[in-house]
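Here's a quick tour of a protein model, from the whole chain down to a few single residues. Have the viewer open while you read.

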Amino acid sequence: MKLSAQFAVALFWAVTGIMPLAAQMTVVNGASFSSTPVAPGSFASIFGQDLCQGTMAGEWIAPGKLPTELSGCTVMVGGIPAMLSYVSPGQVNFIVPAGMAPGMATVMANNGSRTISGSVMSAAAGPGMFALTGMGVGEGAMLHGTLWRTGPFSVSTNGQTTYLSIYVTGLDVSAKPVVTMGGVAADVVWWGDAPGYVGLQQINIMLPAGTAGTGRVPVMVTSNGQNSNVTFMHVLPTAAMMQGMPGWTGGMTMGENMRRNWEASGMAFNAVNSTALVVDEDDDVVRVLSLGASSILATIALPSDSQAHAIAVSADGMLAAVTLSGLGSAALIDLTQNKLLGTVATGYYPAQVAFAGTNVLVTNAGSGTVSVIDSVSRAVTQTVDTGAGSSGIAVAGNTAVVANMQVGTVSIINLTDFSISNVTLAAGTRPHQVAISGTANKAVITTPMTNGFAIVDLGTKVVTEVSTLASNGIGPGAVAINGTTVYLANQMTASVTVADLSSGTVVKTLTVDPGPVALAVDAAHNRLLVLAEGTGTLDVVDLASGSVVSRLATGNSEPDGRFVMPSISSLSPSSAAAGSSFILTIAGANLQNVKSVEFHAAGAGMGMGGGGMMGGGQDSEINTSDLQVNAAGTQITVSVRILDGAATGARQIRLETDHGEMAGPITGAVFTVTQ
């Protein structure tokens, strides 16, 4: 199995990187960092203080074997020495011994001068999904089965169903695991130990055709009745879905498995001036859309690589706050001038945001906290511990409600003294987004993995579970409330469920465009705003008729200064002998963003039946250097050296850019190594 360099580095940090947590010794799943059962042979992590005297990563001592001592540090689990992959004073990553019996086990970390002890529950399965953040939240550690890169993914690749590998730990390999994507079960075609890695496992799935255009969807693994943490996968629309959409002309095409020039990820409604604010996480901007003129009024730049996912607007309509998941901060925007005021550091992986007067409340999925920001001083004044994977948040009066996605709880926060009461939802529930009805004093929390929502009475703390499955409400995520009417965005079925809060029943279902990820009610005009990530449109739904009456483009097809996929028209020379050195000239278009040129085995794919990722990697026998691109972006010259050991045959040229590895549209990109 050969992983791409970028993915391998990300996975290394997911497995061995530092994730600062509490000072007391805690033993958790090594992928999710959740206090769930750990399985024999899986990754686990210890967090504490003075665990080991040095910092060191473990290296192979034999196939499938890591050392049991690093930097003078050892770990015993149930009296059995554990293999170590990483040690430091604050964190130790180890492999749960294969001989562990189910039940509680004592964990002892010895640093050479003292021993610290704790305990962990062992079970046949304790699945944890790795995430590229290294925190068990955000984008999952997943690879396209034939293109060897992370998402986004298309449901088909070159006319064939797309296969993906999901990287996990803690599976019970004796039974097929279940992979759930926003309430939809994927077809698992192989699962087992990842070849060449100890503790790391992979699940190969076939991407369901019906998930096309769903956007950023939650994914969960279930093994032997145990549920994993939730990570996210991004699924692109088909070309057919985009036809006829505003801003999309007949000559445009959808690049398979390629990032787009725009990606609508969050939306908020400003009732003061009847505008919608849409976050574009690919373009790193917020766009202000006039609902009356159906046009973009302003574009507000965010810091680069923000991974902005959510936005909220103050009650007076003068301020907006945006979570910057990739930067661990929140941005504050002056809406009177459409100007970025600055950013405020929060916790790890900020997810959702809400206003409480002049305070901004940000949930931090990686930290399990809520940061309270004073919008006047632009400083964090309070940090509230909630629960692992803090996700959705809503505020009404003096109460905030937070959905803790990874642990299945809801935190009710008193905003006067920041005291908390927690409500536990049904087993296996993964709560996502929240809305509050001040009229009914109830909160609605969506549960996409189980296709429904929970109603929590904020006075009695009584929970009512409601299913949306019978009305084709699959993968409900975003939620909005107007009085006692609830609107839930069904990300997997391009629809909105309308429910009555008083009776807890589903009333009807509205059809919208693919991938609805955000909702807002424009009560003054009796309409619902639906941000459809799949098509990148803002749907305006007339609530009297229940139909989409207009669609607004939320981004440009080719924003200024943004990425356009490169193409290759010809190579010169198109062949050369092993052992030769020469200058390769590549002619094409949009080559300005190319950083390097790679040679890959042509036509190599993924072996799904036996579980390895085989072939398709970069040919290490062909080296390149001194890449030059002309100003027009129409020509590349690069020095190439083919080593004596290079095998004869065809290679596919791939272009490495800031947006990943590109293989098309390419018509003349095959290079042949001759004898």
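What follows starts with the overall picture, then looks at two sets of strands and three residues.

## The whole protein

Keep in mind that this is a predicted model. The protein has 2 helices and 57 strands, so expect to look at strands for most of this report. Along its principal axes, the C-alpha trace spans about 80 × 65 × 50 Å. Is the radius of gyration in line with a compact globule, or out of line with it? For 675 residues, such a globule would come out near 26 Å, and the protein has 26 Å, so the two agree.

As for what's inside and outside, 56% of the 675 residues count as buried. The accessible surface adds up to about 24600 Å², and carbon and sulfur atoms account for 50% of that. The chain also makes plenty of use of distant partners: take the contacts between residues at least 6 apart in sequence, and 53% of them join residues at least 24 apart. On the charge side, there are 22 positive and 38 negative charges, and their mean positions lie 1 Å apart.

## A hairpin: S37 and S38

Strand S37 covers residues 434–437 and pairs with strand S38, residues 442–447, in the antiparallel sense over 4 bridges. One bridge to find in the viewer: alanine 435 has valine 444 in S38 as its partner. Between the two strands sit 4 residues, and in this hairpin asparagine 441 takes a positive phi near 55°.

Which way do the side chains of S37 go? Val434 and Ile436 point one way, while Ala435 and Ser437 point the other. Both sets are buried.

## A four-stranded open sheet

Another spot to check out is an open sheet of 4 strands, ordered S16-S15-S19-S20 with antiparallel pairing. Its edge strands are S16 (184–185) and S20 (226–235), each of which pairs on one side only. In general, strands of a sheet pair through backbone hydrogen bonds, in either a parallel or an antiparallel way.

At the S16 end, strand S15 (residues 178–181) joins S16 through 2 antiparallel bridges. In one of the pairs, threonine 180 is matched with alanine 185 of S16.

The edge strand S20 is also home to valine 230. Buried or exposed? Valine 230 counts as buried, because its relative accessibility is 1% and the cut-off for buried is under 20%. Its contacts beyond four places in sequence include Gly136, Val137, Met220, Met405 and Arg430. Methionine 25, by comparison, is 205 residues from valine 230 in sequence and 24 Å from it in space, C-alpha to C-alpha.

## Two more buried residues

Serine 42 is in the loop between strand S1 (26–29) and strand S2 (43–47). Despite the loop address, serine 42 is buried, with a relative accessible area of 1%. Leaving out residues up to four places away, it touches Phe94, Ile95, Val96, Thr169, Gly170 and Gly199.

Threonine 409 belongs to strand S35, residues 409–414. Its relative accessible area is 15%, so threonine 409 is buried too, given the under-20% cut-off. Among the residues it touches, beyond four places in sequence, are Val402, Asn404, Val423 and Pro431. Alanine 388 is 21 residues away from threonine 409 in sequence, with 9.0 Å between their C-alpha atoms.

Technical notes:
Residues are numbered from 1 along each chain as its sequence is written. This is a predicted model: local features need pLDDT of at least 70, side-chain atom pairs count only at pLDDT 80 or more; totals for chains, interfaces and linings use all residues. Side-chain values use heavy atoms; hydrogens and water are left out. Buried means under 20% relative accessible area, exposed over 50%, partly exposed in between (1.4 Å probe, protein chains only). Two strands pair if DSSP finds at least two bridges between them. Contact means heavy atoms within 4.5 Å. The radius of gyration is taken over C-alpha atoms; the globule rule is 2.2 Å times the number of residues to the power 0.38. Accessible areas come from the Shrake-Rupley method with a 1.4 Å probe; for residues, only the protein chains shown count as cover. Lys and Arg count as positive and Asp and Glu as negative; His and the chain ends are not counted. The place of a charge is taken as NZ of Lys, CZ of Arg, CG of Asp or CD of Glu.
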